[in-house]
Amino acid sequence: MTQDAPALEAFVARAGGQGAALAETGLPTRRVEAWRYTPLRTIAETAWQKAASLSSETVGALLDALPLPETGARVVYGNGQLLSALSALPEAVQQASENVSPLKGVFSATLNAALGAKGLDIRVPAGTDAGLLTLVSLCDGQDVSTHLQHRIVLEEGASLTLYDVGAGEGRYIANPRFDIVVGKGATLRHVKLQRESLSATHLAIVSVDVAEKSEYDSFTLNQGGSLARHEAVVTLGAAHAIAHVNGVQIVDGQRLNDLTSMIHHAAPDGSSRQTVKTVLSDAGQGVFQGKILVDRVAQKTDGYQMNQALLLSEKAQINSKPELEIYADDVKCSHGATVGALDDEQLFYLRSRGVPEAEARDILVRAFLIDALDLVTHEGLRDLLLRSITS
Amino acid sequence: MSDFLKIQGLQARIDADGTPKDILKGLDLEVPKGEIHAIMGPNGSGKSTLSYVLAGRDDYEVTGGSATFKGQDLLALDPEERAALGLFLAFQSPVELPGVNNANFLRTAVNAVRRARGEAELDAVAFLKAVRAETKHLSMSDDMLKRAVNVGFSGGEKKRNEVLQMRLLQPSFAILDETDSGLDIDALRIVAEGVNSLRSPDFSALVITHHQRLLDYIVPDRVHVMAHGRIIHSGGPDIAKTLEKQGYTQFLEAAA
Amino acid sequence: MPAVTETRETVEKLAKSSYEWGFETDIEMDIAPKGLNEETVRLISERKGEPQWMLDWRLKAFRAWLEMEEPTWAHIHHPPIDYQDAHYFAQPKKKPGPKSLDEVDPELLRTYAKLGIPLHEQALLAGVEGAEERLPVAVDAVFDSVSVATTFRKTLAEAGVIFCPISDAIREHPELVQKYLGTVVPVADNFFGALNSAVFTDGSFVYIPEGVRCPMELSTYFRINARNTGQFERTLIIAEDRATVSYLEGCTAPQRDENQLHAAVVELIAMEDASIKYSTVQNWYPGDDEGRGGIYNFVTKRGICRGARSKISWTQVETGSAITWKYPSCVLAGEGSVGEFYSVAVTNNHQQADTGTKMIHLAPNTRSTIIAKTISAGKSDSTYRGLVRMQPKARNARNFTQCDSLLIGDQCGAHTVPYIESRNMTARVEHEATTSKISEDQLFYCRSRGLSEEDAVGLIVNGFCREVLKELPMEFAVEAQKLLQISLEGSVG
C-alpha cells in the first residue's frame, strides 16, 4: 500500500499531532503476515471522515433491530459519541480507570491511537460484582469512521459481564479498542456481537492483561460487516490465570470475517481454551489466526485450541492459521483444525427420516455451531446470540 | 543374611505444589535373602512412596536414614544401576511408551542389565527364544511383543507384561506395588504366579498391598503394618487375617 | 583377504575413471574469483561445457535473483550473508585442512566412533589433508557401496534408467533436461532457488522410462562420502507413466565443509501412475556447542504429481546444519494423485530449523498426509511450517496433518505454524498438533528396567518418531535411529 493512499492521507490529516506512528506504518498490505488473508485495499481508496451526530430516530431504529437484554445497565454510543440520555453505568462501577498501557505494533491499535475518541472508562472496585453491562456502538454514515477507546479495569476479586454490540447502517469503519485489566481473582466475561452494516469495515482490537488466578472469558459472534476483524491480544501475566477466547463466525455474500488472537502465556500454571467455528456460504471468506505463545517461564501451561470451518458453497473459502510458539518444556499444548462440508451421511440419514434437505442442512449447521455457543457462560446472552444467528 | 535389603530410619518427602511434604518418617525394615515380606497399611501411609524411593524415583527427596541392598548404598545409585544390581519394581500402573516396540524394549533392557552384570548380551535369536518361552508360559500372544510398550494394553495385559519383564530380567529382589489393584482378581493371580515362580533361596520380594486377598496367593514369610510413614508392627502371615477382620485400628492404637 | 583386495581394486579403478561419476578429481583447477555477477555465471556455464540455452537459463535466474530479497519470514536468526564473499565455482580450500586426526574437533571424532566409522574414513570425512590420496587403503565399508553401485549401474542401463550427474545430463540428454528443468521450481520461484539456478554446479539426474520399476534404490550416499558435496546441488528426477523409483539422499556421518551456505534445489516429476519416493538424512555440521560455525542449509524441494494417480512421498530426518530452511512440497495436479511428507527434525545446542511442507491440491480426489515430528533440545529452536491448500477444482480432496513437538529442557523452543486454505467445500482438511516433553514417568520406567538415561531418551524419542522412521528404507532407518540418539546427546540430566 502506498503512503499516499487517500485513506491514509485522510487519517493522518485527521490525527493531527497523533498521526506519526500511523503515517510510518501505513496501511498493512497482504505482505504483512498478520494481514495476508485480510486485505485492506477495500478501505484504501476512501478518505474517511469524522462521523456526524446521529438523530434519535436513527438510533431508535438501529437499537430496535438488535437482540438486547431487558435487564442490566446500558451505555450507547452513536457515531463515536456517548448518547447520555440512553446510557447509565451499573451502580457499582466507578468512572475513570487507572493507567492502562496501550498496545503497540498492531495496526488496528495504531489506527485507533491516532484517531481515538474517549469511550467507556470504568473501574469495578475490589470484591464487587457489577453484573451485566451492555455497550452498544452504533454507526450510520457514508465514508466515515469511528475510533472509540474503552478502558476497563477490574480490581481484585471484582466481576463484570460485558455485552459488547456493534451495529449500523451505511459504509463506515468502526475501529473500537478495548484496553482491559482483569485484577487478581477477578472475572470478566466479554460477550461480543458484531453486526455491523454489510458495507462496513470493523477493525476491533482488544488487549487484556489477566492477573493471578483471574479469568478473562470471552466469546465473539462475528456476523456482519463487509470486512470485519476481531483481534484479541490476551496476556496471562501472572500465575494461574485463565483465558477463554471463543467465537463463531457466520459469513455469507461477498463478506470477509476474521478472528485473530494471540494468547500469551507469560507466567506459570496458566490455562487457555479456544474454540472457534466458522460457517461459510455464498462467496464468503473466513479467516482464523490463533496463536498461543508460551514464554520460557510459563511452565505447566495448559493450552488448547480448536478451530473448525464448515463450507456450504462452492465459492466459499477459509484461511486458517493456528499457531503454537512454545519455549517452555513442561507444558500441555495442542491444537486441532478441521475444514470441510456437511457430512453427506448425516444429511442422508436426516432426509431418509423425512426431513427436507434445507431443513436437514439447517439442523446440521446449527448442531455444528451449538457446542461453540454453549461456551457462552451467561445464559441470557447465549440466548440472545442464538437469536441473532437464527435471524 | 540380614545384609540383603536393610532400611534404617528412612525419611523422604515430596514436593507438593511448592511445599515439601514428609511421607516416610523414619522407616526400618529388613528383608533377608530368600524371604517374601508383605507391607500392608491404610491409604496414605506411604507404601507407594517406599517402593518409589527404593527404585530411585527422583521426585522424592530422601532427607534421612539409609537403605542398603547386598551391602551397597542403594540410595546412591541411579535407577538403572539398581536394576542391574537385581532390584525390580513391578508398577501398579505401568506407563505407556508410544511408538516403542515392546520386544525391542525388552531386549534393550535385558541386554543393558546383562551388560552391567558382566554377562554376554543376547543376540536377536537367543533373545527371541527366551522371550517365546516366557510368553508361552504366561499365555501371552506374540502380538503383545509387536505392540508399543503398554499402549492400549488391558489391565491384565499390563500385569503380564510386568511379570514378563521380571522373569526376563531375573531380579534377586522384586517389589510389587499392588496398592490399589486389590479388586482385580485375575491381575493379582498373574502377579502372584509370577512371583511364586521365582521363589528360591536367592530371591526375595516385598509385596505392597492393602488387601489381604493378594496374600492368599503369595504367602509371605512376614507381614509388616505401615502407618504414618513407619512400620508400626511386624509379625507372621496371620497378621494379614487379623487386619482383614479387624482393620488397622488396633495397630494404630498400639503404636500411638 | 581376497575380498578386501578386490574392493581395493574396484576402488582404484573407480578413482581413475572418476570423471564418469562426476567426481572432478582436480579440485585446484578452476577457481573463480570471489563474488557473484554475470561473469561468474558465464564462467560456470563455460567450464561445464554447457549449451547456450543452459547459459541463458542461468542468466535469467541470476537476473531474477538480483531483484529478489532474502526471505525473513522463517523463525530463524543469523548474521547477514554476504553473497559476494564466496567462491561460486571449484571452491578451493580456503584454509588448509587439518594435518591429521589429532587436529580435528574431538567431538566430531567421537560421533564418528559412535556411528562405527573406521578411522581412515573418519580422516576423509573430516577433511584431513591428503586423506583423499590415501583413499584406496581407506576403504571398505563405504566403497563397498561404490562397487555395489558400479555393478548396479549395468542393471540400471539395461532397464533404461538414466542416473548421472546433472552436468552430464545437460550435455548428453539436453532434450530431457530442457523439457523438465525449472518446471517445478521456476527460476524466479524464491531467493535461494533462483541463486541455485544461476550457479549450481553439481547434482543428480534421474530418468525412469515408462513402465519401469527402478531395479534398485538410487543413492547419493557414496558420492557424498567420496568428496565434498556441492554447495549448490541441483537434482531432477522424472518418473514417466507407471514408473517407480526410490531415491536416497544424504549421509548419517556429520561432515566438515568449508562452505557455510548450501542452497540445493530438487525437482520431482511424476507422470500417470508413477511413484517417486525421496528419502533424506541430513546431518551437515551443526556448529559447535556454542553455536559457532555450522552449515546454513536453504533448500527448495518440490515435486509435481502431473499424472493421474501418481504419488510423491518425501521422508526426511533432519539432524544437522546450524540452520535448516526447507519445505519439501507436492503439487497435486493429477486427478487422484497422492502427496506425503514424513519428517523428523531434531535440533540441539544452538541449531535452528524451520521446516515443513506445502501440499497444493489442484485436482479432484487428491490426497495428502503430513506427519511431522519436531524435537528440540539445548538452546535450539525448531519450527514446523506447513501449507495445505485446496484449490477450487480439488473436489473430494483430503489432507491429514499430524504435528508433534517434543521439548527436552527449558532453554529450547518448538513451534507449529500451519496454514490451511480451502476453496472447495467438498475438500476436507484435518490438522492436529501437540507439544509435550518426555515424561518423568516414562524415563523412570525405562531406567528402572536397567536402561541408562541416555538410552531411555533415545528409545522414547525413537518411539516418538516411529511413524516417520518406518517410512525410511531399512538400512537408512537403522542409521537414522542411531543418529537421533547421538544428536540428542548431552541434552538430558
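**Exercises on a predicted three-chain model**

In this predicted model, S320(A) stands opposite I420(C), a residue of β18(C).

**Exercise 1.** Determine how strand β19 of chain A runs relative to β18(C), and how many bridges join them.

*Solution.* Begin with the residue pair S320(A) and I420(C), which stand opposite each other. Next, take the strand of chain A, β19, which covers residues 317–326. This strand and β18(C) run antiparallel, and 6 bridges join them.

**Exercise 2.** Describe the contact between chain C and chain A by residue count, and the side of chain C by element and by class.

*Solution.* First, count the residues: chain C contributes 28 and chain A contributes 32. Second, identify the elements of chain C that give two or more residues to its side of this contact: β17 (398–408), β18 (413–422) and β19 (428–437). Third, sort the residues on the side of chain C by class, which yields 11 nonpolar, 10 polar and 7 charged.

**Exercise 3.** Establish whether S405(C) is buried or exposed, and state which residues S405(C) touches.

*Solution.* Locate the residue first: S405(C) belongs to strand β17 of chain C. Then apply the cut-off, under which a residue with 20 or more other C-beta atoms within 10 Å is buried. S405(C) has 27 C-beta neighbours inside 10 Å and therefore counts as buried. Leaving aside residues up to four places away in sequence, S405(C) touches T374(C), A414(C), T416(C) and T435(C). Finally, compare sequence with space for Y384(C): 21 residues separate Y384(C) from S405(C) in sequence, while their C-alpha atoms are 8.8 Å apart.

**Exercise 4.** Explain why helix α9 of chain C is described as largely enclosed, and name elements that cover its buried residues.

*Solution.* The helix spans residues 191–199 of chain C. List its buried residues: F192(C), G193(C), A194(C), L195(C), N196(C), S197(C), A198(C) and V199(C). Because 8 of the 9 residues of α9(C) are buried, the helix is largely enclosed by the rest of the structure. The cover over these buried residues includes the chain C helices α2 (38–47) and α3 (52–67), together with the chain C strands β4 (234–239), β7 (265–270) and β9 (296–305).

**Exercise 5.** Characterise the contact between chain B and chain C, and find which element gives the most to the side of chain B.

*Solution.* The contact draws 25 residues from chain B and 18 residues from chain C. On the side of chain B, at least two residues each come from α2 (79–85), β7 (97–101), α3 (102–116) and α6 (155–169). Of the elements on this side, α3(B) gives the most, with 6 residues. By class, the side of chain B comprises 18 nonpolar, 3 polar and 4 charged residues.

Note on methods:
Residues are numbered from 1 along each chain as its sequence is written. Chains are lettered from A and ligands numbered from 1 in the order in which they are written. This is a predicted model: local features need pLDDT of at least 70, side-chain atom pairs count only at pLDDT 80 or more; totals for chains, interfaces and linings use all residues. Two residues are in contact if their C-beta atoms, placed from the backbone, lie within 7 Å. Helices (H or I, at least four residues) and strands (E, at least two) are DSSP runs, numbered from the N terminus. Ala, Val, Leu, Ile, Met, Phe, Trp, Tyr, Cys and Pro count as nonpolar, Asp, Glu, Lys and Arg as charged, and the others, Gly among them, as polar. Two strands pair if DSSP finds at least two bridges between them. A residue is buried if 20 or more other C-beta atoms lie within 10 Å of its own, exposed if 12 or fewer, and partly exposed in between; C-beta atoms are placed from the backbone.
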